[in-house]
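Student: Could you take me through one part of this protein slowly? I'd like to see how a sheet and some helices around it are put together.

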Amino acid sequence: MSHPLRDMVQEAFAPLGVLARATDHFSPRQGQTDMALAVADVVAQGGSLVVEAGTGVGKTFAYLVPALLSGERVLLSTATKALQDQLYARDLPRLVQALNLPIRLALLKGRSSYLCTHRMEMARRDTQIPDRHTVHLLSRVETWSLSTRTGDLAELPGLDERSPLIPLITSNRENCLGSQCPKFKTCHVNAARREALGADVVVINHHLFFADMAVRETGMAELLPSVRVVIFDEAHQLNEVGVNFLGHQLGTAQLLDVTRDMLATGLQLARGLADWQGVCSGLERAARELRLIGGKRPGAVKLRWTEDAPEGIHPGVWEQSLQDVGAACVQALQALDTVSEIAPDFMRLHDRVAEIAKRVDAFLNPCAPDAVRWMDVSASQMRLMEAPLDIAQTVRERLMKQASAIANDENSDEPPPWHDEPSLEETFAAQRDADASTHEDDADASPFDSAFPMRPVEDARPRSWVFTSATLGDDPRLRWFTEPCGLESATVLRVSSPFDYPAQASLYVPRDIVRPNDPAHSAQVAALASDAVRRLGGRTLVLTTTLRALRAIGDVMKQQLEGSGIEVLVQGEWPKRHLMERFREGAKVGEGGCVLVASATFWEGFDVPGDALQLVVIDKLPFPPPNDPLVEARSKRLEAQGRSPFNDYFVPEAVVALKQGAGRLIRTESDQGVLVLCDNRLVTTGYGRRLIAALPPMRPLQTAQDLAQALDALSQDLISKTSTTTF
């Protein structure tokens, strides 16, 4: 059924359309156009659309073009802050310019991404800053703070995301003073919120979206009711991100943080008015004794918690330890009550301690139905966790249902159900009016304005939801994604990659490698990868499924490649940003080459197009850990429903993760490469064939000799390119 937006989108993606005229290297792709038209339909009519768009489809433009041409207010959520920055700084401005639309953009991140000038000043007076390097870094931040407009720490080069300085110069939900802060008027977080409230397109991330849903205070409670189009990119992460935020947790690190802040604030602002040393020592002691109950652990572990206490811990000892934490919180609250009028810092500290006491009480009571509890224990801290098994109920009841209620009752005098706090719309009304009044003066008129003007927020049409990713499952209905996200009734579209995988990529599964549970497996993977790296001259990414394999493979490859001129980078030895930059530099002419051994976040979001990455080695199939409490609880629920946990949960999870890892190899239509999967279950089991079928149709390599020839061909091709370029 035709409608104005669909016609405009069709024209924009035509061979001689506006995108072809205004952007470089644009060529029409049927899959991209199909996706864009499907997005246009759901934007115009309302409802939910789930799109799996293979690598190379161009899904970013496919959802941005109809969203921008619609004239609606758009909320765009991404998986990571890095992708946020890319959309806001590169993709959106290019499209807005190409389409010549008068659209205002805004970027909104969580508090911890922005400099807090109040806490920066507190840190300067803090005598407990750990070392000289941190003090020097604080001085750099202070200098930068005088010139930054946004306060976004991503602007500051060389700031390691793991730096101990970051929690000292940023705020979070617990320690932010809000409107009582002496720096409230110049607060970077509030400035970002003001821009978001006055913008037509707001770019956020999944963590911020669910954090707001959980605590109702980061600004989305005001944004969402006035937004008509909500788009989730990299939606495959949505369920796990949501689960982490929609439960509740209590950590010993959290207890020690509030203790540290209370001691510093008390000694700076109210010395002598309370026994700060004694009160803080009591809370710190209770936190450390709680951690000791978890025992010594060589690494991070998760303990089941299906009874009154986590496994291996006596219920009476556990209950007493939690009660001791609660009693220490009561003492802290009494001390804070005596000084609450002196400074807003003490009022916020009171709120933080009261919230901790509330969580202690919650963990002393039984677990909520349809949720699971466990305890994370590492060498440094312990976290008590409770989470729902998925976000399905939340999506149905708190997004879709409430969104419909708001859309159909915009004139109601009642606030939305989550609106517990003073409205940001009211707080920033004057600023937003000023923004709106100057909006049209700041941009040229759009050629689409007369056909499809910006709609006012009072329009009561149904809201539109778009969920997209390159990997959402392996069945036609994409049940791996739609079921846990409560989207069974959504329209589903699958768009295949336009890449010629049989010509561009090869797949090798070594038949003679030992089974993944064999102690010799990691050493054999390292030996195979090292031989391949020597032939290729670097340009290799080795992905592991566990940190143990990461360390084992990394150590062996360093030994085997010593003296080769090839640098072996191992995740954890440097910040992620440094590893990515060094890997790309290693592919330049004159360098010896690089191999990166990585796990976790490098399975996705690591984009190295061209000749810099031509070999991806995966150690084994990425099944979820069967002893993980959340995995166990989900498996038991499927069993209770008469379904197979292995076929309906473990295999689909492995499919999505494997497709993400394999997707690192071919990023453009000219890329060439080899994927090596070091797990012979792929060729000896029925489920292995299902996993192979879910991958792009790469050319199979049968023997080690075939692999060697494929790598030699890639190496010779690169030499030819280099010689031609040099000549």
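Tutor: Sure, let's start with the sheet and then turn to some helices. Keep in mind that this is a predicted model.

The sheet is an open one with seven strands, paired in parallel, and if you walk across it you meet them in the order β3-β4-β2-β5-β10-β1-β11. At the edges stand β3 (105–107) and β11 (491–495); each has a single partner strand, so one side of each is left without a neighbour in the sheet. As you go from one strand to the next, the twist averages 15°.

Now zoom in on one pair. Strand β2 (residues 74–78) runs parallel to strand β4 (residues 201–205), and five bridges link the two. You can pick out one of these pairings by eye: Leu76 has Val203 in β4 as its bridge partner. A helix packs on the sheet too: α3 (residues 30–45) touches β1 (47–53), β5 (229–232), β10 (464–469) and β11. The direction of α3 makes about 165° with that of β1.

Next, look at how two helices meet. In general, you describe a packed pair by the angle between the axes and the distance between them. For α4 (residues 59–69) and α5 (residues 81–99), the axes come within 11 Å and cross at roughly 55°. That angle makes α4 oblique to α5, and their crossing is right-handed. On the α4 side, the contact is made by Thr60, Phe61, Tyr63, Leu64, Val65, Leu68 and Leu69. From α5 come Leu87, Asp91, Leu92, Arg94, Leu95, Val96 and Leu99. Sort the residues of this contact by class and you get eleven nonpolar, one polar and two charged.

Helix α6 (residues 117–125) is a good one to look at for burial. Its residues Thr117, His118, Arg119, Met120, Met122 and Ala123 are buried. What do the buried residues of α6 pack against? They pack against α7 (132–145), α8 (166–169), α9 (188–197), α13 (252–269) and α16 (344–364).

Last, try a single residue: His521, which lies in helix α22 (residues 521–536). With a relative accessible area of 2%, His521 is buried, because the cut-off for that word is under 20%. Setting aside neighbours within four places in sequence, His521 is in contact with Ile513, Val514, Arg515, Pro516, Asp619, Lys620 and Cys678.

Note on methods: Residues numbered from 1 in each chain as written. Predicted model: local features only at pLDDT ≥ 70, side-chain atom pairs only at ≥ 80, totals over all residues. Heavy atoms only, no water. Axes fitted to C-alpha atoms, helices over the stretch in contact; angles between N-to-C directions. Helix = DSSP H or I, 4+ residues; strand = E, 2+ residues; numbered from the N terminus. Parallel < 35°, antiparallel > 145°, perpendicular 65-115°, else oblique. Left-handed = near helix turned anticlockwise from the far one by under 90°. Contact = heavy atoms within 4.5 Å. Nonpolar A, V, L, I, M, F, W, Y, C, P; charged D, E, K, R; others polar. Pairing = 2+ DSSP bridges. Buried < 20%, exposed > 50% of the residue type's maximum accessible area, 1.4 Å probe, protein only.
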